[in-house]
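Biologist: I should like to learn how to read a ligand site and a metal site in a model. May we work through one together?

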Amino acid sequence: MSTIERVEVLITSPGRNFVTLRVTTSDGVTGLGDATLNGRELAVASYLENHVVPLLIGRDPARIEDMWQYLFRGVYWRRGPVTMTAISAVDTALWDIKGKVAGLPVYQLLGGRSREGVMAYGHASGSDVEEMLDDVARHLELGYKAVRAQVAVPGIAGTYGVKKGGAYEPANSALPEEQAWSTEAYLGFAPGYLAATRERFGFDFHLLHDVHHRLTPIEAGRFGKDVEESRLFWMEDPTPADSQDAFRLIRKHTTTPIAVGEVLSSIYDVQHLITEQLIDYVRCTVVHAGGITHLRRIFDLAALYQVRSGSHGASDLSPVTQAAAVHLDTAIPNFGVQEYMGYPEQVAEVFHGGATLTDGFLNVSDEPGLGVTYDDEAAARFEYSPKYLPVARRLDGSIHDW
Ligand code: CS2
Ligand code: MG
């Protein structure tokens, strides 16, 4: 029997921080798993190094489900983003190994191809409406069929989702940047620019918008109602999902579709959202929601309730996650859309292969496993330095959800 012989926790920062787990078997097969939790990278690295790696050595890499149960139930302290990210890394690496051993791409192990390509949505943004509209035009020219639109709220410094320079990178400082927030200013402004986007470009593409947990349920109900004529593909994270019940109130007021899940890490976090049909898209990801094994379980539950997938795919999720996500997206029946932000240029020096974008659709190659390799020499050139996500304060100085 082949056993797990070596497990390495690799940290690098090619334009942004990434933690990667590399598992090597006694037969010399290696598998990669992403273990990046933005702004909390070393917590996961330490959890893996001190509490998970010693448990893996000598075990059978083929027993993916058993390993998942062992790491989830065996920890006693259940769930939570640090634990679930660590489990994800192990799970993803074992799927990569299984694919290589079988000589098959991971999507084949998941049941094979259900679609020819995975529709991606890109990020259009601007410091004002004109800039955002130009960015939407650029995305449509590039072939995107789905575009997310975000504009800086006038008078409010540092709105989430808006690029500074070339790329959007919210984890940008050694200590958290403090950004301002005004719900009134946002609600008075955002519906107008979404309408302006439809006015200029029509309805022949999918338009998305991220509320980023900023509204109360009744405010979100009003927002959803105000944007109904813009026919959004979804409004994302209209309110924090700490209370799944809160979404009932939003549903009473609007038919704008709802997407939730990027900060959630287990099936229990989305159980009622799904089974009560309080959302339309579940946005959990491979890296933060327990790997391919657990995300498949979430998507299968969602399929029973006509909820589709819409995995988080920001640039703080490594190319290993993106590849794993596209393998899963390719295979599941209830795929919706896949977020795709792209990466800083240097990322391709460290991670080779992975998902590729053509005419708005992502695909993975037929290489065995996930199809991503890690370049140790390149990785060594990019040293880790801590970077935090911002925090938000209302205009009176009190903390708001970022
Ligand atoms: C965002 C993310 O992609 C999204 O929808 O909400 O950019 C999010 O802010 C980051 O992933 C946080 O690390
Ligand atoms: Mg989001």
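The dialogue below takes the ligand first and the metal second.

Modeller: Please keep in mind that this is a predicted model.

Biologist: Which residues come nearest to ligand 1?

Modeller: One begins with the shell of residues around the molecule. Here 14 residues surround ligand 1, and His-212, Glu-236, Glu-262, Asp-316 and Glu-339 come nearest. By class, the shell comprises 4 nonpolar, 3 polar and 7 charged residues.

Biologist: How should I read the polar contacts of ligand 1 with side chains?

Modeller: One looks for pairs of N or O atoms within 3.5 Å. An oxygen atom of ligand 1 lies 2.9 Å from a side-chain N or O atom of His-212. For Glu-236 the corresponding distance is 2.8 Å, and for Asp-316 it is 2.9 Å. The protein buries 95% of the 340 Å² that ligand 1 exposes when taken alone.

Biologist: Which pocket does ligand 1 take up?

Modeller: The space that ligand 1 takes is the largest pocket.

Biologist: Which protein donors does the magnesium ion (ligand 2) have?

Modeller: For a metal, one lists the donor atoms and then their places in the chain. The magnesium ion has as protein donors Asp-210 (OD), Glu-236 (OE) and Glu-262 (OE), at 1.9 to 2.3 Å. Along the chain, these donors follow the spacing D-x25-E-x25-E. Asp-210 belongs to strand β7 (residues 206–210), whereas Glu-262 is in the loop between β9 (258–260) and α9 (267–275), so the pair ties together parts 52 residues apart in sequence.

Technical notes
Residues are numbered from 1 along each chain as its sequence is written. Chains are lettered from A and ligands numbered from 1 in the order in which they are written. This is a predicted model: local features need pLDDT of at least 70, side-chain atom pairs count only at pLDDT 80 or more; totals for chains, interfaces and linings use all residues. Side-chain values use heavy atoms; hydrogens and water are left out. A residue is near a molecule or strand if one of its heavy atoms lies within 4 Å of it. A polar contact is a pair of N or O atoms within 3.5 Å; within protein, one must be able to donate a hydrogen and the other to accept it, and residues adjacent in sequence count only if both atoms are side-chain atoms. Accessible areas come from the Shrake-Rupley method with a 1.4 Å probe; for residues, only the protein chains shown count as cover. On a 1 Å grid over the protein atoms alone, a cavity is a set of points where a 1.4 Å probe fits but cannot get out, and a pocket is an open set with protein on both sides within 12 Å along at least five of seven lines; lining residues have an atom within 4 Å of a point. A molecule sits in a cavity or pocket if more than half of its atoms lie within 2 Å of its grid points. Ala, Val, Leu, Ile, Met, Phe, Trp, Tyr, Cys and Pro count as nonpolar, Asp, Glu, Lys and Arg as charged, and the others, Gly among them, as polar. Donors are N, O and S atoms within 2.8 Å of the metal (3.2 Å for Na, K and Ca); water is not among the atoms, so sites may look incomplete. Helices (H or I, at least four residues) and strands (E, at least two) are DSSP runs, numbered from the N terminus.
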